[in-house]
Amino acid sequence: MNFSKTKITVAFTIEKCPKCNALQKRKFSEGDALFAASSKCTSCGEITSIEKIFGETLDE
Amino acid sequence: MMNLVNFTNIDFDQLFGMNDNTNPLMMLIWILPIFLFVFYGQRIQLFVTSNEINKVIKKLDGFRSESRTELINYVKNSLNPNNDPTKKIDQFLDYFTIMPVDMDPNGIVDKVRHTVRSREDYTREHVKLLSPEINDFELTKVQTLLEIASSLQMIYKIINHMYLTAKKQNNYPLILPLQMILPFIMEQAEAMRDAISPFKLGQPVGDGIGPMVVGKMMLNSPKESIAFQTSLAKIDFEDRKLFLLKAEGPGSTVGRPADALESLVSDNKLDAIIMVDAALKLEGEESASIARGFGAAIGGIGTERFQIEAIATSHQMPIFSIVVKQSVKEAITLMTKDIADTADNVRLQLYDMIRENTKPHQSIAIIGVGNTGGIPQ
């Protein structure tokens, strides 16, 4: 029996609103690049830009 | 009636002949292993060690074929090649580079630079031939994936060669250095295997922290190409002029910062150079910790650093550096949250460094060193 947990790395994208500085975290989708324009801000409707792209390691 | 053996009444002293020192059978039982280990100890160790190494080599073989398959599938599915690229890619993977003779070290840096760049140019031109529709962004990705696959192939071949030689010669001492270096080799190989996915998807890697910091400073300023795959932007900061340099993103490239700096100093008077880069952490050091220092922070084969140091020396400019510590794996795989979170802090420390080490009306070159995959400017 194998008790060790498999670790997987999931990529996330952080979007930042230039107007209200709200941060929104979502899963990375292909084509995302840092500083690029992304979706609309959920608080004020302004177009957000990608602030960070990073990976988080999770136990499967 | 059947007589049952009474197991509760065994005399162990009698069974092992402990009371009788002259029992020849017991003499053999004790002495045989001693002779066995004296004469065949190394062979037994060789057998045990080679079994362990064999398992690791199978793993390396798996990494090698996985990276090759990933590369072939990526080219086939994403780039619409004219013909089946398998044969061509297999040829690339076996390409070798013969480094210049260093018996006379005079001019060796230029020779090494020429050899390495010729190889890069050759690969770039031949990857372009694979698909007529390939753009620069995809081209840099395929080049990086090719480098990963050929490095894994080379690691596998060398380790397998050392293992088979030791086994063929039944030479235990020959297998010892292999056993000692294998954990380090595996660390690198696993990191390279894990690097395939982020480079394929165009995600930033840990090494991209330098371009990430400088790239953000370049936003909203006009950019120009100053050297091959290298971008320049000029901004003002507290009465100082900053020349921001980084590899041209979001393609997977490190650019040519030394050529860019050379071009910059030919037209401008610079007073200092500040480099921002990722640096390998020592065991026990915290990942994503920031350190400041003196001297050119740039890795690679050494030619870029040599050129930057030569420019700084001839123009009497100090070189300052800010580095973000990370492991080999973190440097070439998807950027971790900790490293990404340091970007703002690094930028603040960079501004501090400018204030502390330069005066108003001076000009400073800021170089974001590292792979800029997934990081535009």
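Two residues are in contact here if their C-beta atoms, placed from the backbone, lie within 7 Å. Keep in mind that you're looking at a predicted model.

**Exercise 1.** Work out how many residues of chain B are in contact with chain A, and which helices of chain B help out.

*Solution.*
- Step 1: Go through the pairs with the 7 Å cut-off. You end up with 17 residues of chain B in contact with 13 residues of chain A.
- Step 2: Look for elements of chain B that give at least two residues to this side; they are α7 (209-218) and α11 (337-357).
- Step 3: Ask who gives the largest share: that's α7(B), with 3 residues.
- Step 4: Sort the chain B side by class, and you get 10 nonpolar, 5 polar and 2 charged residues.

**Exercise 2.** Find the domains of chain B and say how far apart their centres are.

*Solution.*
- Step 1: Split chain B into domain 1 (43-201) and domain 2 (206-368).
- Step 2: Take the centres over C-alpha atoms; 29 Å separate the two in chain B.

**Exercise 3.** Describe the side of domain 1 of chain B that touches domain 2 of chain B.

*Solution.*
- Step 1: Count both sides of the contact: domain 1 of chain B puts in 17 residues and domain 2 of chain B puts in 12.
- Step 2: On the domain 1 side, pick out the elements giving two or more residues, namely α4 (108-130), α5 (136-168) and α6 (172-201) of chain B.
- Step 3: The largest share of that side is 8 residues, and α6(B) supplies it.
- Step 4: Finish with the classes on the domain 1 side: 9 nonpolar, 3 polar and 5 charged.

Key
Residues are numbered from 1 along each chain as its sequence is written. Chains are lettered from A and ligands numbered from 1 in the order in which they are written. This is a predicted model: local features need pLDDT of at least 70, side-chain atom pairs count only at pLDDT 80 or more; totals for chains, interfaces and linings use all residues. Helices (H or I, at least four residues) and strands (E, at least two) are DSSP runs, numbered from the N terminus. Ala, Val, Leu, Ile, Met, Phe, Trp, Tyr, Cys and Pro count as nonpolar, Asp, Glu, Lys and Arg as charged, and the others, Gly among them, as polar. Domain bounds come from an automatic or database domain assignment.
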